[in-house]
Amino acid sequence: MNKESQMRAAINQKLIEMGERERLKELLRAKLIECGWRDQVKALCKEVIKEKGLENVTVEDLVAGVTPKGRALVPDSVKKELLQRIKAFLAQHST
């Protein structure tokens, strides 16, 4: 494991231990619903199902077809807010 991977793992562990990861997930879920992202991703799923046909599509097909577009649709403001929250948490709980 390289240094960056170790750092990510340590940060993730601290977020989990302190319960902050769940709070961030809830915040993200609320923000994505609020900005309409969830509806956009639902529409993308419907497109994939329509193209491939209901009988021919798998969950893996949906994930593969929608994930890149879904990630790109997350507003920058939501990404920035989450990053700010993580930075503030780490500053408050740094050891």
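Biologist: Why are arginine 8 and glutamate 4 said to be separated by about one helical turn in helix 1?

Modeller: In this predicted model, both residues belong to helix 1 and stand four residues apart, which means that about one helical turn separates them.

Biologist: What makes the meeting of the side chains of arginine 8 and glutamate 4 a salt bridge?

Modeller: The N to O distance is 3.2 Å. The cut-off is 4 Å between a side-chain nitrogen of Lys or Arg and a carboxyl oxygen of Asp or Glu, so the pair qualifies. A search of the whole structure finds six salt bridges.

Biologist: How do you know whether helix 1 and helix 2 are roughly parallel or roughly perpendicular to each other?

Modeller: Their axes lie 5 Å apart and make an angle of about 85°. Angles of 65 to 115 degrees count as roughly perpendicular, and helix 1 and helix 2 are therefore described in that way. Asn12, Leu15 and Ile16 of helix 1 touch Glu20, Arg21 and Leu24 of helix 2. By class, this contact holds three nonpolar residues, one polar and two charged.

Biologist: Why is helix 2 called roughly antiparallel to helix 5?

Modeller: The axes of helix 2 (residues 20-34) and helix 5 (residues 76-92) cross at roughly 165° and come within 11 Å. That angle makes helix 2 roughly antiparallel to helix 5, as the term applies over 145 degrees. The crossing is right-handed.

Biologist: Which residues of helix 2 and helix 5 meet?

Modeller: From helix 2 come Glu20, Leu24, Leu27, Leu28, Lys31 and Leu32, and from helix 5 come Val78, Glu81, Leu82, Arg85, Ile86 and Phe89. This contact contains eight nonpolar residues, four charged and no polar ones.

Biologist: What describes the packing of helix 3 and helix 4?

Modeller: Helix 3 (residues 37-52) and helix 4 (residues 59-73) have axes 10 Å apart, at an angle of about 145°. Helix 3 passes helix 4 in a right-handed crossing. Among the residues that meet are Trp37, Val41 and Leu44 in helix 3 and Leu62, Val66 and Leu73 in helix 4. The contact divides into nine nonpolar, two polar and three charged residues.

Biologist: How do you know how confident the predictor is along the chain?

Modeller: The average pLDDT of the chain is 93, and 99% of the residues score at least 70. Among the elements, helix 2 has the highest mean pLDDT (96) and helix 1 (residues 3-17) the lowest (92).

Technical notes: Residues numbered from 1 in each chain as written. Predicted model: local features only at pLDDT ≥ 70, side-chain atom pairs only at ≥ 80, totals over all residues. Heavy atoms only, no water. Axes fitted to C-alpha atoms, helices over the stretch in contact; angles between N-to-C directions. Helix = DSSP H or I, 4+ residues; strand = E, 2+ residues; numbered from the N terminus. Parallel < 35°, antiparallel > 145°, perpendicular 65-115°, else oblique. Left-handed = near helix turned anticlockwise from the far one by under 90°. Contact = heavy atoms within 4.5 Å. Nonpolar A, V, L, I, M, F, W, Y, C, P; charged D, E, K, R; others polar. pLDDT = per-residue confidence, 0-100.
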